[in-house]
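This report concerns one protein model with a bound ligand. Please consult the sequence and the three-dimensional view while reading.

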Amino acid sequence: MDIEVEILQRLIGAFGNRSRPIGLHEPDLGIDEEKKVLECLKSGWVSTAGPFVKSFEQELAQLTGSPHVLVTMNGTSALHLALISVGVLPGDEVVIPTLTFVATSNAVHYCGAVPHFVDSEETTFGIDPKKLENHLKKIATIRNGVCVNKITGRPIRAIVPVHVFGHPCRMNEILLIAKEMGLKVVEDAAEALGSYLVAPSTKPLAHAGTLGDVGILSFNGNKIVTSAAGGAFLTKNSSYHEKAAMLGTTGKRSHPWEFFHEEVAFNYRMPNLNAALGIAQLNRLQAFLRHKASLQNRYVDLFSDFKFGKIFECDSSLGVSNYWLSTLILNSPDLLLRNKILNSLNNEGIQARPVWTLMHRLPMNKNCPKSDLKTAESLDSRIINLPSSSFLDVQVDK
Ligand SMILES: *Cc1c(COP(=O)(O)O)cnc(C)c1O
């Protein structure tokens, strides 16, 4: 039997007579969400001023353990504010994995900075710390306390580790390298709400996005918890928080009645209506997490005797994944096969997806500096993301 037919048959068997198409990741919205949004509408406070915004920030602070939280209109704007607050300037370079969503790379460009792409690893889908260290030692030097790319002459100001599909990356090793090289760390935890990392300084686990200088979350419609659109900026550092709050609120100086704006800034704050939805969804996070863990386990069983690949599993020595997306990873890099599988699943209404086109292959990133990217290039032709909505059930007959 052809490999794509075998995968299709396993999945169709597991989904039973559930109606198709089956989305990659659909929001689970119910009566609680309806009530909260209606409560907000009836209050008249639909825009960025309003009590739900503060409550959502407080609930996120409690959940993540991050002392300061600023909610924003999306994850991308939180990333932009994060990069500015840690001091990324026009003409700087920012190290990011090539295997990430385009928002990571776009936020670097918004700062007038240049993304510098590094490789990922098989076991986490995140930045490979060994390759990162070797690459930086080769191409960078410290001049007057600033890490400088010896080839381009540009300062390398920051690094953005990404917890891809919600899986913890090797944060502790990356933090050590960043410290040694004088880089600020912005943790892209957009996909990782409800994921926890083993951290030397925290007992027992730290929420994703709380280990770097700043972390960000996303509440886009496809993420584990949604506020329709939304993001959050997390930090321990009160001056980063103040700076991000000021820049995200049109640069407005706080005053009872005066309009004074400190500099050209952004309108990035989350509206109250979105915060209301976010609060209702956040209340259901534990249920979503349990459901996703069970879906992931069923996929593991479903493909346990599959010869050409396996379901990716998070390295439990690094932490706990929220399993935002479950991934079938093929043993060998074969783009033709990957595309055949994606075609056959999608033709049958099973919305499987590849990983994002690697950042260094996008037109706007053609001339950006990069390390060897072999593992990311291999992963690109082997990753098949499977339907992972938190309400999805799959049956495995064993
Ligand atoms: C979703 C996502 C973002 C940005 O989130 P938006 O809310 O869509 O702007 C950033 N990085 C990664 C890795 C993401 O998956």
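The sections below treat the pockets, the ligand, the cavity and two features of the backbone.

## Nature of the model

The structure is a predicted model. Residue numbers count from 1 along each chain as its sequence is written.

## The largest pocket

The largest pocket has a volume of about 420 Å³. Its lining is made up of 27 residues. Those that lie nearest the centre of the pocket are Phe101, Glu191, Asn222, Lys223 and Trp356. By class, the lining of this pocket comprises 13 nonpolar, 10 polar and four charged residues.

Which elements each supply at least two residues of this lining? They are α4, α5 and β10. Of the elements, α4 gives the most to the lining of the largest pocket, namely three residues.

## The ligand and its surroundings

The ligand sits in the largest pocket. Two elements give two or more residues to the shell around the ligand: α4, which spans 75-85, and α5, which spans 102-110. Both α4 and α5 also appear among the elements that each supply at least two residues of the pocket lining. There are 15 residues around the ligand, and Gly75, Thr76, Glu191, Ser218 and Lys223 come nearest. The shell consists of four nonpolar, eight polar and three charged residues. Glu191 and Lys223, named here among the residues that come nearest to the ligand, are also among those nearest the centre of the largest pocket.

Three side chains place a polar atom at a short listed distance from the ligand. For Thr76, a polar side-chain atom lies 2.5 Å from an oxygen atom of the ligand. In the side chain of Ser218, an N or O atom is 2.7 Å from a ligand oxygen atom. For Lys223, the corresponding distance between an N or O atom of the side chain and an oxygen atom of the ligand is 3.2 Å. How much of the ligand does the protein bury? Taken alone, the ligand exposes 380 Å², and the protein buries 93% of that area.

## The second largest pocket

The second largest pocket has a volume of about 200 Å³. The residues that line this pocket are Thr48, Ala49, Gly50, Val53, Lys54, Gly248, Thr249, Asn267 and Arg269. They divide into two nonpolar, five polar and two charged residues.

## The cavity

How many cavities of 30 Å³ or more does the structure hold? The structure holds one, and the volume of the largest cavity is about 40 Å³. The strands β10 (214-218) and β11 (231-235) are the elements that give two or more residues to its lining.

The lining of the largest cavity is formed by Ser66, Pro67, Gly209, Thr210, Gly212, Asp213, Val214, Gly215, Leu234, Thr235 and Lys236. These residues divide into three nonpolar, six polar and two charged. The strand β10 is thus named for the cavity lining and also for the lining of the largest pocket.

## Two features of the backbone

Most residues other than glycine have a negative phi, and most peptide bonds are trans. Two places in the model depart from these patterns, as described next.

The peptide bond from Arg20 to Pro21 is cis, and its omega is near 5 degrees. Pro21 is located in the loop between α1 (3-15) and α2 (31-43). Phe125, although not a glycine, has a positive phi of about 65 degrees. The loop that contains Phe125 runs between β3 (114-118) and α6 (129-139).

Note on methods
Predicted model: local features only at pLDDT ≥ 70, side-chain atom pairs only at ≥ 80, totals over all residues. Heavy atoms only, no water. 1 Å grid on protein atoms, 1.4 Å probe; cavity = no way out; pocket = protein on both sides within 12 Å on 5 of 7 lines; lining within 4 Å. Points joined across faces, edges and corners; volume = space filled by probe spheres on them. Helix = DSSP H or I, 4+ residues; strand = E, 2+ residues; numbered from the N terminus. Nonpolar A, V, L, I, M, F, W, Y, C, P; charged D, E, K, R; others polar. Near = heavy atom within 4 Å. Polar contact = N/O pair within 3.5 Å; in protein donor to acceptor, adjacent residues only side chain to side chain. Areas by Shrake-Rupley, 256 points an atom, 1.4 Å probe, with all protein chains shown as cover. Sits in = over half its atoms within 2 Å of the grid points.
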